[in-house]
Every structure is written in C-alpha cells, then in structure tokens.
Amino acid sequence: MSMNWEALLSINKLEEEPEEPKYFDRYPINEFEKDYNKIVSSAAFRRLQDKTQVFPLDKSDFVRTRLTHSIEVSTIARQLGIMVTQDTSPYRPEDIGTVKAEAIPSVLLCAGLLHDLGNPPFGHFGETTIGDWFKENLDKIAYKGKPLRSHLTNQMVHDLEHFEGNAQALRILLKSRFGSETNLSAAVIGTLVKYPNDSLSFDGDSPDIKKHKLGFYAAEEETFRQISRTIGTANEKDEICRHPLTYLLEAADDIAYATADLEDAFKKKLFTLDQFLAFYEQSYEYDSSNPNKKPECYTYELQQDLIERRGETPTREGDLKAFKDWLNYVRRWLMYVAAYRFSYSYQDIMAGTYENDLFWQTYHSITIKILKDAMVRFVFQTSGILKLELSAQTILSFLLERFVHAVLYFDYEDKAQGFAPSKADKKYMAIFSENYIQDYRNARIGNESYDLYLRLLMVADYISGMTDTYARTLYRELSGIE
C-alpha cells in the first residue's frame, strides 16, 4: 500500500458540525485549529491537571502532571512537524508541500494533547491495576449463576484484562460524540492511535513496534476501521498500519519522558550528578581507539558536554542548572535525529512497512536508551513511587469491586430467578456519573452479553476518568475512613 496526504490529513468528522455564519470566512481558522480549541476546552483534558505523570502529586509546583506532560509532548510534536515539513536535508520528502506544512504541525499539536487522555489516576500503576483486577476477578464474580468470563467473548475478556490507556483515549473520543464535547477530525484520531491492533492480535515481543500493545477495544473497532479507511491507513485486506504522523507523536512522547521527567527526578534529589554521570558512562562502550564510531561517539560527546557545563567547582545549584541546560540541549539533538529518521525512512513509513521507532540506528539511539534506563535506575524503585503503586492498587481495587458488582444487573435484572441489584448496588449506581450511564444507554444494542461487556467498560470509564484526588477521596468516603 502507499498512503497519500490528501487522505491522511482528512478533516472528515464522525458527526456533522453546525454550519457557521458566512462572516467567519473572512478570518478563517483551519479545522485542526478548531480541533485544538475543542480539546483544551474539554473536561477530560482538564482532568489531566490532577493526574500523576511519574511522581506522586505533592505541593511542589515544579513536578509535572499529566497535563503539563501532555502540553510538553504537544509542543515537541508540533516542532517535529515543522522540522519535517521545512526539511532542507537531502532526504526531504517531495510530496510535503505548503498546505501540508501548515496542517501537519497542527495535527501533531492536537494529538500530543490527547495522547494521555485515557490514562487512569496514579500513573501507569493505575493502568496495570485495572487490567490485573479483571484478570483476577472475571472467574470469581458470578453473573446469573455463572462466572463473568463465561458470558463474554475472548476479545471482550482480553479488552478488560489488558486495559490500555491508548485504547481508552480512543474510546473517550469516539463515545463522547454522543454528548459531542469533542468531534474531532479523522486525521487527529488516526494519528493518536499508536498501536492499531485489537486485544487478540497485539504481540509485545513482535519486531514491529506498532504490534506491542492494543489500540482499540471491540466496542470501538468498527468505528476505528471506518476512520482508518477514510484516512487510508487500512489496506485492501482491512489490515491497519500506523498513520505516518504517529511516529513523530511517539518520538515526542519518548523525548519528553526521557528528559523532562528525569529533570523532575533530579530536582527531587533522587540522584546526584556524579551518580548520573557514572551510570551514563557505564551504559555504553566507547572505544577511544576508534573515536568516530557512531552512535557511540555522539553519546560520548554529550557526556563530555555535561561535564564541561558542570565546571570544576560543582555545587548543588550549579549542577541543577547544568543538568537542566544539558537536557534542553539533548532534547534538541533527539528531535534532530527523529526528524532525520522520519525523512530518511519516509518511503517505508508511507508504505506502512516501517517497524521501528524514529531513534533506530541514529546518532542518539544509545542516548535515548540511557535516559530511559536512568528513570528505571533512579526513580521507579524509590519509596515515593512504591507507595504510589500500593495506593493505586488499594484504592482502584476497592472501587472496581464495588462498582462492578453494582452494574451487573443494571438494566438486566431477573427478579424471578433472584438476579437483581442489592440495596447497596442501587446506592452505588445513584452516585455513579450520569454521563457514563448515558454513554452506555446510547451504545447498548439489546444483546445481553455485549451489553454486559459495555457495563464493565462503563466502570473502567468511570474509574479511569477520575483524578488522583477524586479517586482517593471517594475511596476514603466509601470505606468509612472519613
């Protein structure tokens, strides 16, 4: 297959938009800028301000939240879009013209804001907790005398057991059209989906990076396939490949995570600059007898640059400034190599056959790995992060237990057989968000198995949509702690 930008930058929407007054044509705004306005005005986006990025939310104003992380990713993604459309290298793609030079950065700006929209409270620990809870309980909880698992198809089971923030973000956008808070262009939605696989076909060990996670649930599969056909990312066999701009979005996310979050960790005094330099040096092999070997020589040059920025009389304040300035410099280099790889591998990307990220075999493929590994080494085994993980498991497991039981016979009770909601179940549903209930009612089809699946997803929607503070407060209230 060979994708084309006319389809890839489609402004088609799932729902028709109200016609605007003709006067507005005098001061035109492109459709992607209108999408941007919808995103920043949406409740789902605003809730990111009270969701953990990496570190537990505290009173420090410098620690990044999901909201500030999303803004940083959006900014980097937009800049990457500008870089590849203004490319002056020998690898410049010939078919990216003036119109695309405006549209591509705008699409990436929107997708960057959206990329973490589906992440639950408490960071990736919350994501894991939801999936693990369903794995442990689909056989334990009975519905009409039989385990929940027996009422669901394999794909429905896999959707729940492999809860994924990426797929949840798509779900938020597609189901929100019923209340139409966000009715976005097909190009933006297509770019957002990093992993165009259902829960039965993803493979974490695949050499093809787009196969590593699931990207859509059964509930959204038909609509997503429709979008994929519109933007031209589905081939004649209806197999879906990545939107080309998704590679740039993923690179922006990696760059923000590997630089900005590491800066937060340093500010929180989780490691010293001496510790980082020692870790950095031990993480790759530099052969001084062959100093021009790439990419080792560029990774080495960055190490030397940090040492020079630090100076001969290091202080804590000086190290902080040196490290922050160095990370900004590193970020620019990572953007450079990502733009290079996109242009160099452009034909494979447009054919849907490129299998790697945009750092693959570049000058800084080792550098990005070291920075990511540093997060694992210095951050994820600290007491604050471990406490967050334990809190997420306790709070989210409690809420899932109560609300999953509460939705079982919502709409499908059989009093004659003794299958009906308890008094407690009715009380839990009374405090359940009406928006999610309305989404469920709009989507149900009258098939008992499928509607049961939708009710379970409704619980995942409700809990994953909570902020850290709301989830913690609700848990404390319902458990009688306060």
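User: Is K144 buried, partly exposed or exposed in this model?
Analyst: This is a predicted model. K144 lies in the loop between β1 (142-143) and β2 (146-147). Buried needs under 20% and exposed needs over 50%. K144 has 24% relative accessibility, so K144 counts as partly exposed.

User: What is the phi of K144?
Analyst: K144 is a residue other than glycine. Its phi is nonetheless positive. The value is near 55 degrees.

User: Where is F122, and what is its phi?
Analyst: F122 sits in the loop between α5 and α6. With 0% relative accessibility, F122 counts as buried. F122 is not a glycine, yet its phi is positive, at about 70 degrees.

User: Is H115 buried or exposed?
Analyst: H115 belongs to the loop between α5 (98-114) and α6 (123-137). Buried means under 20% relative accessible area. The relative accessible area of H115 is 3%, so H115 is buried.

User: Which side chains make polar contacts with the side chain of H115?
Analyst: One contact goes to the side chain of D116, at 3.3 Å. Another goes to the side chain of D253, at 3.4 Å. Leaving out residues up to four places away in sequence, H115 touches residues including H69, S70, N166 and D253. The polar partners include D116 and D253.

User: Which residues of α6 are buried?
Analyst: α6 has 15 residues. From first C-alpha to last, α6 reaches 22 Å, close to the 21 Å expected at 1.5 Å a residue. The buried residues are G123, F125, G126, E127, T129, I130, G131, W133, F134 and N137.

User: What covers the buried residues of α6?
Analyst: The cover includes α4 (66-85) and α7 (154-161). It also includes α8 (165-175) and α17 (383-407). Another element in the cover is α20.

User: How many residues of α20 are buried?
Analyst: Helix α20 covers residues 448-464 and has 17 residues. Its reach from first C-alpha to last is 24 Å, close to the 24 Å expected at 1.5 Å a residue. The helix is mostly covered. The buried count is 15 of its 17 residues.

User: At the start of α20, which backbone nitrogen does a side-chain oxygen of N447 reach?
Analyst: The oxygen belongs to the side chain of N447. It comes to within 3.1 Å of its target. That target is the backbone nitrogen of S449.

User: How many aromatic pairs are there?
Analyst: Rings of Phe, Tyr and Trp pair if their centres lie within 6.5 Å. By this rule, the count is 34.

User: Is the pair of F266 and F323 stacked, tilted or edge-to-face?
Analyst: The ring centres are 4.9 Å apart. Planes under 30 degrees apart would be stacked, and over 60 edge-to-face. Here the planes stand at 45 degrees, so the pair is tilted.

User: How many residues apart are F266 and F323?
Analyst: F266 is in helix α11 (residues 244-267). F323 is in helix α14 (residues 316-344). Both residues are buried. The pair links distant parts of the chain, 57 residues apart.

User: Which cluster holds F266 and F323?
Analyst: Ring pairs link F266 and F323 into a cluster with other rings. The members are F266, F271, F276, F279, Y280, Y284, F323, W326 and F378.

User: Over which rings do the charged ends of R316 and R242 sit?
Analyst: The charged end of R316 is 4.4 Å from the centre of the ring of F266, and sits over that ring. The charged end of R242 is 5.7 Å from the centre of its ring. For R242, the ring is that of Y195.

User: How far apart in space are L9 and A186?
Analyst: L9 is in the loop between α1 (5-8) and α2 (31-41). At a relative accessible area of 12%, L9 is buried. L9 and A186 are 177 residues apart in sequence. C-alpha to C-alpha, they are 7.7 Å apart.

User: What separates the C-alpha atoms of G311 and G131?
Analyst: G311 lies in the loop between α13 (296-310) and α14. G311 is partly exposed, with a relative accessible area of 38%. G311 and G131 are 180 residues apart along the chain. Their C-alpha atoms are separated by 48 Å.

User: How many disulfides does the structure hold?
Analyst: C110 is buried, with a relative accessible area of 0%. C297 also counts as buried, at 6% relative accessibility. A disulfide needs a pair of cysteine sulfur atoms within 2.5 Å. The number of disulfides in the structure is 0.

Note on methods:
Residues numbered from 1 in each chain as written. Predicted model: local features only at pLDDT ≥ 70, side-chain atom pairs only at ≥ 80, totals over all residues. Heavy atoms only, no water. Phe/Tyr/Trp six-rings, centres within 6.5 Å; stacked < 30°, edge-to-face > 60°. Helix = DSSP H or I, 4+ residues; strand = E, 2+ residues; numbered from the N terminus. Buried < 20%, exposed > 50% of the residue type's maximum accessible area, 1.4 Å probe, protein only. Lys NZ or Arg CZ within 6 Å of the ring centre and 35° of its normal. Polar contact = N/O pair within 3.5 Å; in protein donor to acceptor, adjacent residues only side chain to side chain. Contact = heavy atoms within 4.5 Å. Expected span 1.5 Å × (residues − 1).
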